[in-house]
Amino acid sequence: MIHGPHLTLKASEDFPANDQGGPATPPFRFFRPNSDGDVSLTDKAALRLQARGLRSAFVADLDPMAHRLAFRALPTPLRVMLDDANTVALYVPKDDEAPALRLAEALVASGKRLCLPRVIDRIGTMDFRAWMPGDPLDEGRFGTRHPAEGAEALHPDAIIAPLIAFDAAMTRLGQGGGYYDRAFARYEQALRIGLAWSVQQMDDLPVDPWDLPLHAVLTERSFIESDREPAA
Ligand SMILES: Nc1nc2c(c(=O)[nH]1)N(C=O)[C@@H](CNc1ccc(C(=O)N[C@@H](CCC(=O)O)C(=O)O)cc1)CN2
Ligand SMILES: Nc1ncnc2c1ncn2[C@@H]1O[C@H](COP(=O)(O)OP(=O)(O)OP(=O)(O)O)[C@@H](O)[C@H]1O
């Protein structure tokens with residue numbers, strides 16, 4: 001539907017190279033699998049394994065100062081994209097995921113209500129519960145954390161989502177539970193914004209029929225925006 005060659009990208013904001021004192025990292029490119037290869041790199045599970053390894057090596061190698069500074073600011077094009085969004089969903093990062101909660105203060109300062117996902121069951125259902133910096137978090141499934149019991153359920157206007165990998169067509173590869181796919185389908189008017197380390201960008205991820213493309217991805221180096229109308 002929305003995927004395809006018509007979906008071209010512009011780098012709306014490329015952060016100055018190495019402005020955070022971090023290592024210069026060339027964009028990673030996956031080798032396309034060849035037809036007689038014995039490892040299918042198009043297989044989502046194999047891609048997840050490799051992408052997790054890359055992400056973890058990248059984060060381990062990151063200069064501590066660069067890590068501390070990453071994702072601290074809300075870049076102007078993202079701020080503009082979020083102009084009409086009252087309620088923004090962040091996530092509590094685990095493992096080496098991009099540190100989404102660092103955006104919380106800036107979002108609150110620009111008048112947004114925040115919410116976080118709460119996993120409801122093991123078959124892919126989650127909802128979004130109100131949260132403010134400083135509010136307590138409960139332990140959830142899969143090592144995730146979510147707002148405490150009783151936090152108000154909110155309808156997000158923008159969903160800032162974790163990911164394992166993304167590509168130039170704004171395809172998102174997640175943990176494989178389908179939690180975000182379902183949330184994107186349920187809140188189909190909401191903006192879908194991926195948050196990732198730049199090393200998580202790959203060439204041509206496989207697309208399943210239920211995959212909805214992201215509207216933008218924010219990395220520690222750039223803000224990559226799809227050129228189609230947001231929340232169409
Ligand atoms: N930080 C964060 N929160 C999130 C997600 C996420 O990807 N990251 N989710 C995105 O969907 C939802 C939770 N779903 C998740 C599904 C699988 C795993 C995961 O790490 N799976 C491990 C096995 C863990 C286990 O079974 O205990 C794995 O696949 O190796 C994490 C979250 C909602 N909250
Ligand atoms: N809108 C939907 N409704 C019902 N099931 C869905 C929907 N979207 C995806 N699924 C199911 O979720 C499962 C996992 O999908 P996929 O491998 O694309 O997950 P993912 O996007 O990587 O994970 P996540 O969204 O949890 O980060 C698939 O079996 C798929 O059938």
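These legends go with close-up views of two ligand sites and a few loop residues in a predicted model.

This is a predicted model, where local features need pLDDT of at least 70, side-chain atom pairs count only at pLDDT 80 or more, and totals for chains, interfaces and linings use all residues. Residues are numbered from 1 along each chain as its sequence is written, chains are lettered from A and ligands numbered from 1 in the order in which they are written, and side-chain values use heavy atoms, with hydrogens and water left out.

**View 1. Ligand 2 and its charged neighbours.** Around ligand 2 there are 15 residues, and Arg-48, Arg-172, Gly-174, Tyr-179 and Asp-181 come nearest (a residue is near if one of its heavy atoms lies within 4 Å). Look for the side chain of Arg-48, with an N or O atom 2.8 Å from an oxygen atom of ligand 2. Arg-172 likewise has a side-chain N or O atom 2.8 Å from a ligand 2 oxygen, and a polar side-chain atom of Asp-181 lies 2.7 Å from an oxygen of ligand 2. On its own, ligand 2 has 650 Å² of accessible area, and the protein covers 74% of it (Shrake-Rupley method, 1.4 Å probe).

**View 2. What makes up the shell of ligand 2.** Helix H1 (44-61) and helix H5 (179-186) each supply at least two residues of this shell, and H5 gives the most, with five (helices are DSSP runs of H or I, at least four residues, and strands are runs of E, at least two, numbered from the N terminus). Sorted by class, the shell around ligand 2 holds six charged, five polar and four nonpolar residues (Asp, Glu, Lys and Arg are charged; Ala, Val, Leu, Ile, Met, Phe, Trp, Tyr, Cys and Pro are nonpolar; the others, Gly among them, are polar).

**View 3. Ligand 1 and its contacts.** Of the 14 residues around ligand 1, the nearest are Val-92, Lys-94, Glu-97, Gln-175 and Tyr-179. Lys-94 has a side-chain N or O atom 2.8 Å from an oxygen atom of ligand 1. For Glu-97, a side-chain N or O atom is 2.6 Å from a ligand 1 nitrogen, while a polar side-chain atom of Gln-175 lies 3.2 Å from a ligand 1 oxygen. Taken alone, ligand 1 exposes 670 Å², and the protein buries 73% of that. The shell around ligand 1 has nine nonpolar, two polar and three charged residues.

**View 4. Two loop glycines, Gly-111 and Gly-124.** Gly-111 lies in the loop between helix H4 (104-109) and strand S3 (113-119), and counts as exposed because its relative accessibility is 60% (exposed is over 50%, buried under 20%, partly exposed in between; 1.4 Å probe, protein chains only). Gly-124 is in the loop between S3 and strand S4 (126-130), and at 1% relative accessibility Gly-124 counts as buried. Gly-124 and Tyr-179 are 55 residues apart in sequence and 4.5 Å apart in space, C-alpha to C-alpha.

**View 5. Positive phi at Phe-142 and Asp-204.** Most residues other than glycine have a negative phi. Phe-142 has a positive phi of about 60° and is found in the loop between strand S5 (137-139) and strand S6 (145-147). Phe-142 is partly exposed, with a relative accessible area of 38%. Asp-204 has a positive phi too, near 40°, and belongs to the loop between strand S10 (191-195) and strand S11 (216-218). Asp-204 is partly exposed, at 49% relative accessible area.

Conventions: A polar contact is a pair of N or O atoms within 3.5 Å; within protein, one must be able to donate a hydrogen and the other to accept it, and residues adjacent in sequence count only if both atoms are side-chain atoms.
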